[in-house]
Amino acid sequence: MDSTNAPESAAFPRQFARTRRFSLGVPRNFTVSPDGQRVLFTRTGGGRDPIGRLWLLADGAERLLADPTALVGGGGEVPEEERLRRERARERSAGVVAYATDRAARLAVFALGGALWAVRTDGGEPFPVPAAGPVVDPRPSPDGRHIAYVTGRSLHVVEVPDEGAGAAGRDRQLAAAEGPEISYGLAEYTAAESMGRLRGHWWSPDGTRLLVARVDTTRVHRRWISDPAHPDRPPRAIRYPLAGTDNADVRLWVYGLDGSRTEVAWDRTAYEYLATVGWDAHGPLIGVQSRDQRSLRTLAVDPDTGATALLDERTDPAWVELVPGTPARTASGALVLTHDVAGTRHLAVGGKVVTPAGLQVRGVLGTEDERVYFTASDDPVETHVWCHDPEAGAPVRLSEGPGTHGAVVGGGTAVFHGLTPEGPYAEVRRTGGTEAPSSPSVTTIASLAEAPVITPRPRHLVLGERQLRATLYLPSWYEPGTGPLPVLLDPYAGPGMQLAVAARGWTACVSQWFAEQGFAVLVADGRGTPGRGPEWEKAVHGDQLTPALEDQVDALHAAAEQVPDLDLDRVAIRGWSFSGFLAAAAVLLRPEVFHAAVAGAATTDQRLYDTYWKERFLGHPAEQPQNYERSSLTGRGHLLRRPLLLIHGLADDNVTVANMLRFSAELLAAGRPHTVLPLPGATHAPADDRVNENLLLFQRDFLLDALGLGRNPAGTRPPGPAPVHGA
């Protein structure tokens, strides 16, 4: 057959790496001013430019507010705390990667190489603000008069200079760290990595006080990360809350600019997780969760006394999900939460369910007056923006067309953004909340991202008795019925992420690239993935392995019934993180189905992961050790009969490389051949462009060899009969 896509296939790995998974040049981090007249956002200078810049959209035109390449003295070493914040946020660019504004969006502040910068959006150049040390997470007060930031694990507040560049405001240390294991104003590891809370300080609406998180990691398990490629460098110690061990001691204080200091009081013994924090016109609002995550309380805080009052409590026999954007309140003070009822995650406002059965709420985007904007799915392959308006009755869908949509709303203006089958988009339009999607005055915010040289050709499927959502990618040059295609399963299949969606993300491009190498690539979302309601998500409670693997096997067989060209005698599976674990499990436990696997950054021993994320699904390891045993690969190495490639970053501080090293040692002791690819200096998400480019090629070659398919130097290989070789 003619491999018509060969040049594009050969070019794709480098493009994929140089564009940082096609993320460079995509506008994001939107802020809408309260009057709806201005939109701020970040965007790099192009599809291969990694330097983020701050932009303003006003009167239909874009204006560059801050370009790091033009700021004198803007470079420097990024503080370790900031580096970790970016890693937890999965940030892949440099320069201006985050910013914060005052209430009116007239002042924007950001950290650049440890220096503090500010810019006024109504004119003028960016100006440096003198700070006491390298700056982490600067945030202006709502009135724009002060900036709070963290340096040396202590919280500082500096006055904003009146005259801009050259002026200096008074800087004072508001909360001082009492020791090397204590910090003020930063999120602890568990909150940032597993809860989605990246912040540690919050201004009051009047700008006179702050809520400040105090984190003490003294009792948290210590993990050492070394660099074997540089034995002259000392190992780096991190505090990592291993499943079953102590969490950080997290407290919350109210600090006043007048020097006052009041601790917020709640039952921290029963509710040790500070899950959410906010401060709106009705006062501070926090969410606290029990260690077993089966109870979540929403508390109102008296900022004068620190006393708390219970507003809501939700319980669940498995766990209570933290839904992004909740809790929130409307202008009248009605509490906005989600309630799980009979298989549906509903939106609840003021204690009343306001969304219909089957519409699965994904997150709350914000409120305007009594309107509530939220994202939800009535089909798990799409996510849309919705609005609940009590005067309009039923919720109204605002986003159009297939895709995974989100929005930022303010002042009657909405920035719709997300992914469609054509790729990323962002557009601004006026909306009163319930106007028809065809409303005029739409302004597009340009994406400068490169178009992938390979165009995904997804075929969306619904498979098996569980109606599994899946996507099949076939080679562009393949003609149905001309011969069998070896199969590559390319899922994530774990909590918190869907891949079988009606949108062109980077994972779809990678799956299509593997298809161009001669595979039929199948991506299926099984039990435990989001978008299909609480019962679907919690079907993996107590066992993260069996249901996930069963669904991949069922999806494969059901797809073969619909597409007879799939060759079930040549089946491989690949994955990273959760799906890396799943790929290794597939060849261990189902060798009659899977004939080769690539497992990247796999958690082979679930006891080596963190408290919040792992105890959510498997419980406390001292109380439910059987859950960890059934969900781990350790002790099963002797079962390996198929080719297995293990890949792991040696500097991974999320899934420790000990998972790979210990499991490899177990395989060797059992006499089971396997392949190991260590990545020196790489974390959980390797950042080196050359590594990411060659990782794709290395995986391809391993799988082609493992399935006895041979290689094609042009980058594609038309399928042909070949024997299957086990390890």
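This passage describes the overall dimensions of a predicted model, followed by one of its sheets, the helices packed on that sheet and a buried lysine.

The protein chain comprises 727 residues and contains 11 helices and 44 strands. Its radius of gyration is 26 Å, close to the 27 Å given by the globule rule for 727 residues, so the chain is as compact as a globular protein of that length. Along the principal axes, the C-alpha atoms occupy a box of roughly 75 × 55 × 55 Å. Of the residues in the chain, 59% count as buried. Among contacts with a separation of 6 or more, 60% are made by residues 24 or more positions apart in the protein chain.

Eight strands are arranged as an open sheet, in the order β37-β38-β40-β39-β41-β42-β43-β44, with mixed pairing. The edges are formed by β37 (458-463) and β44 (675-679), each of which pairs on one side only. On average, neighbouring strands of the sheet are turned by 20° against each other, direction ignored.

The pairings can be followed along the sheet. Strand β38, residues 468-473, is antiparallel to β40, residues 520-525, and five bridges connect the two. Within this pairing, R469 has D525 of β40 as its bridge partner. On going from β40 to β39, the sense is parallel, and three bridges are found. L489 is bridged to L522 in β40, and the bridge partner of L489 in β41 is I573. Strands β39 and β41 run parallel and are joined by five bridges. A parallel arrangement with five bridges also links β41 to β42, where A572 is partnered by A596 of β42.

Burial was examined for two strands of this sheet, β39 and β42. In β39, five of the five residues are buried, so this strand is largely enclosed by the rest of the structure. Strand β42 is likewise mostly covered, with five of its five residues buried. In a regular strand, side chains alternate between the two faces of the sheet. In β42, A596, V598 and G600 lie on one side and A597 and A599 on the other; these residues are all buried, and both faces of the strand are thus covered.

Two helices are associated with the sheet. Helix α6 (residues 546-562) lies across β37, β38, β39 (485-489), β40 and β41 (566-576), and its direction is at about 110° to that of β37. Helix α11 (residues 689-706) also packs on the sheet, where it touches β39, β41, β42 (596-600), β43 (644-649) and β44. The direction of α11 makes about 160° with that of β42. Strands β39 and β41 are thus listed for α6 and again for α11.

A further feature concerns a charged residue in helix α8 (residues 611-618), namely K614. K614 is buried but has no salt bridge. The nearest side chain of opposite charge belongs to D610, 8.2 Å away. When neighbours within four places in sequence are left aside, the contacts of K614 are A243, Q544, Q606, Y609, G619 and Y628.

Terms used. Residues are numbered from 1 along each chain as its sequence is written. This is a predicted model: local features need pLDDT of at least 70, side-chain atom pairs count only at pLDDT 80 or more; totals for chains, interfaces and linings use all residues. Side-chain values use heavy atoms; hydrogens and water are left out. Two strands pair if DSSP finds at least two bridges between them. Helices (H or I, at least four residues) and strands (E, at least two) are DSSP runs, numbered from the N terminus. Axes are lines fitted to C-alpha atoms, for helices over the stretch in contact, and angles run from 0 to 180 degrees between N-to-C directions. Contact means heavy atoms within 4.5 Å. Buried means under 20% relative accessible area, exposed over 50%, partly exposed in between (1.4 Å probe, protein chains only). Lys and Arg count as positive and Asp and Glu as negative; His and the chain ends are not counted. A salt bridge is a side-chain nitrogen of Lys or Arg within 4 Å of a carboxyl oxygen of Asp or Glu. The radius of gyration is taken over C-alpha atoms; the globule rule is 2.2 Å times the number of residues to the power 0.38.
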